[in-house]
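Me: I'd like a close look at one pair of helices, please. Could you explain how they are arranged, in words a beginner can follow?

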Amino acid sequence: MKRYAVRNLRMCTKDCLCLFVCPTGATDTENSVIDKTKCIGCGACADACPAKAISLVPYAYPPQQPKTPQVITALHYLGRSKASAESAALRLAEAAGDGMYRLMKGIAASERILGADLMREAGYMLPQSENTRAFLQNIQHDPDYADLPADTVNRLLELLYPDDTE
Ligand code: SF4
Ligand code: SF4
């Protein structure tokens, strides 16, 4: 499987060993992002990195394993139960005092992560990046997208970024 190297800048301690061992100069860039066009996927940088900041990732990921309709139905059911649990925890957080508020918010966040995992397993992509948020916010006011149902766009923003409405 053809791969290329990526560097996690948060883990990088900038000792530059990857620069010394890379045979193509792919790691030596102005912005610290490994140059994918020069990388031959040899893995020398990842082996040399003392901070384990470099990983080799495939150019193409294999397709998700097919699942039977029964499994997908069960995943939907579990995903909905996690969404209900998250809502219940958020309602309790609103009604709770200081200590309980943090606990309930933590439980809600945990249920949300579990629910998101379940829905990904069921085949849904959950677009929660900043780019998605900016895109949705832009099309709310863009006349080119006037025929899109504004209520649905607003609801998507509420569901994907609940912290915005706090
Ligand atoms: S070897 Fe690892 S820690 Fe050192 S500069 Fe390269 S990525 Fe950063
Ligand atoms: S995998 Fe090899 S070619 Fe690619 S950046 Fe690392 S050392 Fe350089």
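Is the crossing of α5 and α6 left-handed or right-handed?

Reply: Happy to help! This is a predicted model, in which local features need pLDDT of at least 70 and side-chain atom pairs count only at pLDDT 80 or more, while totals for chains, interfaces and linings use all residues. Residues are numbered from 1 along each chain as its sequence is written, with chains lettered from A and ligands numbered from 1 in the order in which they are written.

α5 and α6 cross in a left-handed way (the near helix is turned anticlockwise from the far one by less than a right angle; clockwise would be right-handed). Helix α5 covers residues 130-141 and helix α6 covers residues 150-160 (helices are DSSP runs of H or I, at least four residues, numbered from the N terminus). Their axes come within 10 Å and cross at roughly 155° (axes are lines fitted to C-alpha atoms over the stretch in contact, with angles from 0 to 180 degrees between N-to-C directions). Because of that angle, α5 is roughly antiparallel to α6 (a label for angles over 145 degrees).

Now for the residues that meet. From α5 come Leu136, Ile139 and Gln140, and they meet Ala150, Val153, Leu156 and Leu157 of α6 (contact puts C-beta atoms, placed from the backbone, within 7 Å). This contact has six nonpolar residues, one polar and no charged (Ala, Val, Leu, Ile, Met, Phe, Trp, Tyr, Cys and Pro are nonpolar, Asp, Glu, Lys and Arg charged, and the others, Gly among them, polar).

Terms used:
Helices (H or I, at least four residues) and strands (E, at least two) are DSSP runs, numbered from the N terminus. Angles under 35 degrees count as roughly parallel, over 145 as roughly antiparallel, 65 to 115 as roughly perpendicular and the rest as oblique. Two residues are in contact if their C-beta atoms, placed from the backbone, lie within 7 Å.
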